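Me: Please take one part of this structure, the pairing of its strands, and describe it closely. A connected account, including whatever lies against that part, would be most useful.

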Amino acid sequence: MPAKRSLKCLTVRQPWAWAICVGAKDIENRSWTTRHRGPIAIVASAKKGRVNAMLREASPRTPNTALFTFGAVIGLVDLVTVEEMNQGLESNRWASGPWCWRLANARLLPSPIPCRPKLNVYSADDAMAEGVVAQASRASAGPIDRDGTEWLEIMEEYDTPSFLAHLESYELLERWADLHRVSAAALAEEPEQPLLLYCCGRARLGLGEPALSIPFFSMALEIDPDDAGSLFMRGRAYEALGKADWAKEDYDRAYELTPEIESFLRDNMAVDNNDEASGPRG
């Protein structure tokens with residue numbers, strides 16, 4: 001247990017905050033990384049939107065929400081390391097990236113400590129730290145009861161990361177070989193999916209193979225002529241090959257369809273997991 005002055009906190013939305021503190025969830029996904037390692041207090045967000053959405057999805061089941069506290073420190077966990085999303089994490093049901101925080105030694109406080117959640121990793125104030133330290137020796141993950149098991153099943157149905165989440169993270173992280181591997185495998189199953197064609201082209205372009213990227217973008221555009229992303233990236237490929245006129249034609253059409261195409265492509269890759277800030281997929 002850290003000294004009071006060094007206690008760090010992280011705000012996570014429910015039900016993921018609870019899942020972390022009972023030891024079920026061993027990966028927390030963020031759009032940003034941190035240099036902090038070691039114990040960190042988990043603060044449950046005051047927001048109830050995700051729990052309410054899951055309740056609607058679970059209908060006609062009526063899972064017990066008494067498990068969840070909002071707007072309070074509910075437990076402790078050790079942040080072991082932070083990794084970029086990678087192939088080794090793709091089989092982990094909690095991992096979507098782009099940054100995967102590996103967690104261990106989870107423990108739930110006997111009594112939640114009400115507080116005002118903050119953004120990013122932040123230092124606990126004196127009152128919060130004193131409350132956590134006073135309960136630390138009695139905190140434990142404990143067994144997961146029937147209500148908890150039901151919620152974990154609902155969470156798995158609701159938000160188990162798909163390969164699409166991995167594609168988003170790999171593009172954001174510019175892990176072009178991984179983007180190509182995942183999108184090409186999926187494309188073999190769905191050969192006329194514009195998104196997968198775009199991702200294959202984007203990966204080839206990122207790998208420095210503009211000539212090989214163009215057929216993928218062109219096939220995507222045959223299926224969806226208004227695919228601004230494929231137009232813009234094909235323009236980049238043409239530009240890299242010195243075909244300025246063709247590049248300009250694609251750029252002009254992309255900007256006509258989506259005037260903010262560059263920021264659109266960037267922002268669409270920002271994965272929203274359970275972050276309370278940009279830098280709140282869990």
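Reply: Two strands are taken to pair if DSSP finds at least two bridges between them. The model is a predicted one, and the following description should be read accordingly.

The part in question is an open sheet of six strands, ordered E2-E5-E4-E3-E1-E6, and its pairing is mixed. The edges are formed by strand E2 (27-30) and strand E6 (122-123); each has a single partner strand, so one side of each is left without a neighbour in the sheet. In general terms, strands of a sheet pair through backbone hydrogen bonds, in either a parallel or an antiparallel manner.

Within this order, strand E4 (residues 72-84) and strand E5 (residues 99-114) run antiparallel and are joined by 10 bridges. Two residue pairs illustrate this register. Gly75 has Leu108 of E5 as its bridge partner, while Thr81 stands opposite Arg102, again in E5. E4 also pairs with strand E3 (residues 38-44), likewise in the antiparallel sense, over seven bridges. Here Ile40 is placed opposite Val77 of E4.

At the E2 edge, one residue merits separate attention. Asn29 is found in strand E2, and its relative accessible area of 0% means that this residue is buried. The side chain of Asn29 has two backbone contacts to consider: one reaches the backbone nitrogen of Ser96 at 2.8 Å, and the other reaches the backbone nitrogen of Gly97, also at 2.8 Å.

The sheet is accompanied by a helix. Helix H3 (residues 126-136) lies across strand E1 (8-12), E4, E5 and E6, and its direction is at about 90° to E5.

For comparison with the strand pairing, a helix pair may be added. Two packed helices are described by the angle and the distance between their axes. The axes of helix H2 (residues 49-58) and helix H4 (residues 146-159) come within 10 Å and cross at roughly 90°, which makes H2 roughly perpendicular to H4. On the H2 side, the contact is made by Arg50, Val51, Ala53, Met54, Leu55, Glu57 and Ala58, and on the H4 side by Trp151, Ile154, Met155 and Tyr158. Sorted by class, this contact holds nine nonpolar residues, two charged residues and no polar ones.

Definitions and conventions
Residues numbered from 1 in each chain as written. Predicted model: local features only at pLDDT ≥ 70, side-chain atom pairs only at ≥ 80, totals over all residues. Heavy atoms only, no water. Helix = DSSP H or I, 4+ residues; strand = E, 2+ residues; numbered from the N terminus. Contact = heavy atoms within 4.5 Å. Axes fitted to C-alpha atoms, helices over the stretch in contact; angles between N-to-C directions. Parallel < 35°, antiparallel > 145°, perpendicular 65-115°, else oblique. Nonpolar A, V, L, I, M, F, W, Y, C, P; charged D, E, K, R; others polar. Buried < 20%, exposed > 50% of the residue type's maximum accessible area, 1.4 Å probe, protein only. Polar contact = N/O pair within 3.5 Å; in protein donor to acceptor, adjacent residues only side chain to side chain.
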